[in-house]
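User: I am new to this structure. Please show me how to read its features one at a time.

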Amino acid sequence: MAKRSTPRKRRAPRSRTAPPATAPAATGGVVPREGAAEDSPARGYSRSRRRDEEARAALKPLAEGERPGAVTVGAVAAGVLSLANLVALIVGYDSGEGRKTASSLLGTVILAVVAVGMWKARYWAVLGMQALLAVTMVLGSLALLTAVNVPAALLTCTIVGLAGVLFWRLVKAMARIQMPERP
């Protein structure tokens with residue numbers, strides 16, 4: 001094993017001051033050390049809360065009948081995929097078993113419901129689409145491990161990339177749609 005040509009510099013030990021022997025009763029027995037206000041997690045949380053409030057204030061609620069662009073793209077994509085799934089089912093593409101047919105039909109119905117819900121800018125539909133996109137990204141990433149040629153790898157990367165972009169765009173759209181109030 002070779003030795004280093006330059007010696008490592010050692011850090012100077014941190015100076016620690018002992019807390020006072022008696023703590024005032026007004027602070028509940030806890031004495032903050034000097035400079036503790038700068039290091040406290042509460043200070044970081046307050047900055048985070050302030051940024052969150054500023055971001056919420058900058059969002060404009062949707063007008064009646066308005067639909068964000070990402071939601072429209074998601075609704076069209078879900079509708080096209082649902083229609084393609086239905087056509088593949090009718091034509092008989094890769095449907096040999098009753099179980100495959102049932103799962104394909106279920107996927108078609110789910111995509112159609114999500115497409116209609118997103119077209120109406122419903123919070124639950126956007127959330128469902130994000131769940132489908134998350135599953136698509138995970139399964140696409142796993143499929144990339146088994147890609148046998150370059151075109152398959154490129155197609156998989158494209159699917160994962162597009163799903164990721166749409167997922168990210170839907171986050172802000174969900175904030176604008178606002179979760180419905182509970183009765």
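**Reading the features**

Analyst: Start with a loop. A121 is found in the loop between α4 (98-119) and α5 (123-145). Keep in mind that this is a predicted model.

User: What sign does phi have at A121?

Analyst: Phi is positive there, at about 60°, although A121 is not a glycine.

User: Is A121 buried or exposed?

Analyst: Relative accessible area decides this, and buried means under 20%. A121 has 13%, so A121 is buried.

User: How do I read L139, buried or exposed?

Analyst: Find its place, then its accessibility. L139 is found in helix α5. Exposed means over 50%. L139 counts as exposed because its relative accessibility is 51%.

User: How far apart are the C-alpha atoms of L139 and T156?

Analyst: They are separated by 9.6 Å, and the two residues are 17 residues apart along the chain. T156 belongs to α6, where it is one of the buried residues.

User: How do I read the length of α6?

Analyst: Compare its reach with the expected span. Helix α6 covers residues 150-177, which is 28 residues. From first C-alpha to last it reaches 40 Å, close to the 40 Å expected.

User: Where is the kink in α6 centred?

Analyst: The kink is centred on V171 and amounts to about 25°.

User: What happens at the two ends of α6?

Analyst: At the start, look for a side chain reaching the backbone. A side-chain oxygen of N149 comes to within 3.0 Å of the backbone nitrogen of A152. Just after the helix, look at phi. Q178 takes a positive value of about 70°.

User: Which residues of α6 are buried?

Analyst: Among them are V160, A163, L166 and L170. The list also includes R176 and I177.

User: Why look for a nonpolar core?

Analyst: In soluble globular proteins, nonpolar side chains tend to be buried together. Here the largest nonpolar core has 19 residues. V71, A78, M118, V126, M129, L133 and L170 touch the most other members. Helices α3 (69-91), α4, α5 and α6 each supply at least two residues of this core. The most come from α6, with 6 residues.

User: How many aromatic pairs are there?

Analyst: A search of the whole structure finds 0. A ring can still have a charge over it. Look at R67, which lies over the face of W119. The distance from the ring centre is 3.7 Å.

Methods
Residues numbered from 1 in each chain as written. Predicted model: local features only at pLDDT ≥ 70, side-chain atom pairs only at ≥ 80, totals over all residues. Heavy atoms only, no water. Helix = DSSP H or I, 4+ residues; strand = E, 2+ residues; numbered from the N terminus. Expected span 1.5 Å × (residues − 1). Bend = angle between axes of the 7 residues up to and from the residue. Buried < 20%, exposed > 50% of the residue type's maximum accessible area, 1.4 Å probe, protein only. Polar contact = N/O pair within 3.5 Å; in protein donor to acceptor, adjacent residues only side chain to side chain. Phe/Tyr/Trp six-rings, centres within 6.5 Å; stacked < 30°, edge-to-face > 60°. Lys NZ or Arg CZ within 6 Å of the ring centre and 35° of its normal. Core = buried A, V, L, I, M, F, W, Y, C linked by side-chain atoms within 4.5 Å.
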